[in-house]
Structures are given as structure tokens and as C-alpha cells.
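The following exercises concern pairs of charged side chains. Please examine the sequence and the model before reading each solution.

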Amino acid sequence: MTAEPDVHRTAPLYDAIASFYDPWSVSVTEDVGFYVREAVASGGPVVELAVGTGRIAVPIAVAGIPVIGVDQSPGMLEVARAYAEREGVAHDVDLRLGDLRTPPVAERVPLVVCPFRSLLHLEDEREKLRALRAAAGLLAPGGRFVFDVFAPSREDIEETHGRWLEREPGIDERAVWDEPSRTLELTVRAGDATVSFTLHWLDREEWETLIEEAGLAIEALYGWFDRRPYAGGEDMIWVCSTTGDEATRIE
Ligand SMILES: C[S@@+](CC[C@H](N)C(=O)[O-])C[C@H]1O[C@@H](n2cnc3c(N)ncnc32)[C@H](O)[C@@H]1O
């Protein structure tokens, strides 16, 4: 690890969840092939911001593309390291402890990704803009930044608000939505452990503004990982590319 840790307050939360993050997210598989295809098309290497347990990074490395993975949670990185070793790709998964807003990455790459809504951990638009600028600054000329986020539908809020739901056997989840502040407090319970995260969503227009402010061009906005165009649903998958302005904009 080459990082200068700039640890944000969600790090201990993810350390607490690291041992059951994979069982908790086991049904989330739809994004893996999408990001692997992006990685292969880019030729690599790829930087994954908020790499977590390597759910996406390890399949990318298995497909032959080296990955630099940044995360602020030592516990999540430990799980990622073990996964990469089990899959025989530890040499192609370079895990670095650090904050995605100040990533410990000197390399410039053709593809930066930030899967599974990780940017929503950042509290406000200023912090999200810092992250977008940091991602843009890692791109080689012509490179792409691809990430996904969500904004909840009214039905989702009504169906889930304040209710404990069994997400996977032995793992329960409760969403508490606050529409005025656009925050979701998500609590996950497994055995004796209970962990709460706060996620902060934005709408499509706000993301567009931030992406452009970060000096990136929007190439595509998909509504799902099968690349269907965004049509106002919950999921937004943004494909952004360099415009030549971004390298000077990192804070
Ligand atoms: C939902 S998980 C996503 C992990 C992985 N990308 C995946 O798709 O499974 C969010 C990850 O973001 C990391 N994270 C949150 N805020 C961060 C920050 N400011 N800098 C670096 N990592 C951060 C957490 O430690 C956690 O591993």
C-alpha cells in the first residue's frame, strides 16, 4: 500500500461490515459484466475508486486487465486482497488505502470506475465535485470515467421506509428516507453487528452540472447495465470522457 491515509468517517463503518459485505451484496451481479466489458475495451490499466472487497476489481483482473483499487477501509481491502489471491490475480490487483477524493495514484489510465453508488457516501455537492475532479485528473487523454448512482422512486420510498427487510438469509436491512435533505440512512444488521450508513442522492440535472464543472464530457447516461438509455428511473450509469481541461482542475 502506498497511501497516505486520509480516512473519512465511513471507514470504520465499512470495517465493521467487511466480513459480511459479500454475503450482503451477493445478489448484486448485474453490474459486474458491464464494468468488466468497459475495462477490457479500455485496454487498462483501470483505477477503481472505492474498490471495497474487489467485487468488480477481481473479475476485471481475471479478464486480464490490471486494476489499481483505492478504498479508505482497511477491512474491505483485506477481504479484497484475499479474494484476489484466491482467484490467482493478486499481482494484477494493486490495493491502496486512501480517500477517493485524494486518491494515492500517480498513474494516468484510460479508465476510472466507481461502481455501486459509492459516490453517494460523499455528503454534498462540493465533496462529490472533488471526487469527480480527482477521477478526471487520473485519466490519460481520451480516457473515461464510468460510475453509477441512484435517486429513489416514490414507490421505493413508500415500500421500504422504516421497515426491516431480510435482504439475504440472516442479513436484514432498513432504509429511512429523508426526501427534503435527500438522504438515505441505511442500516444493515447481521448477527450481533448493526451498521448504519448515510447516502446522499442527487437528481440527473445536478449530476450533469457537476460532471461538466469537473471538466468532463458526458458520453452516455444509461438507465441500466444493459445500456438502455436513461428514462427517468432510479439507476443512473454515467459514462464521461476527458475534454482536455480536467488535469488542471484537481483540488
Ligand atoms: C458500496 S461499497 C462499494 C464497493 C465496491 N466498489 C463494489 O462495487 O462492491 C462502498 C465503498 O466505498 C468506500 N468508501 C466510502 N467513502 C470513501 C472515500 N471517501 N474514499 C475511499 N473509499 C470510500 C467504502 O469503504 C466501501 O468499501
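A salt bridge is a side-chain nitrogen of Lys or Arg within 4 Å of a carboxyl oxygen of Asp or Glu. The model is predicted: local features need pLDDT of at least 70, side-chain atom pairs count only at pLDDT 80 or more, and totals for chains, interfaces and linings use all residues. Residues are numbered from 1 along each chain as its sequence is written, and side-chain values use heavy atoms, with hydrogens and water left out.

**Exercise 1.** State how many salt bridges the rule yields, and describe the one between Glu179 and Arg154.

Solution. The count is 18 salt bridges. In the bridge between Glu179 and Arg154, the closest N and O atoms are 2.1 Å apart. Glu179 lies in the loop between strand 7 (171–178) and strand 8 (183–190), while Arg154 belongs to helix 6 (residues 154–160), so the pair ties together parts 25 residues apart in sequence. Helices (H or I, at least four residues) and strands (E, at least two) are DSSP runs, numbered from the N terminus.

**Exercise 2.** Determine whether Glu127 is buried or exposed, and identify its polar partners.

Solution. First, Glu127 is placed in helix 5 (residues 125–137). Next, its relative accessible area is 9%, so Glu127 is buried; buried means under 20%, exposed over 50%, partly exposed in between (1.4 Å probe, protein chains only). Then, the side chain of Glu127 makes polar contacts with those of Arg101 at 2.8 Å and Arg130 at 3.0 Å. A polar contact is a pair of N or O atoms within 3.5 Å; within protein, one must be able to donate a hydrogen and the other to accept it, and residues adjacent in sequence count only if both atoms are side-chain atoms. Finally, a network of salt bridges links Glu127 with Asp99, Arg101, Arg126 and Arg130.
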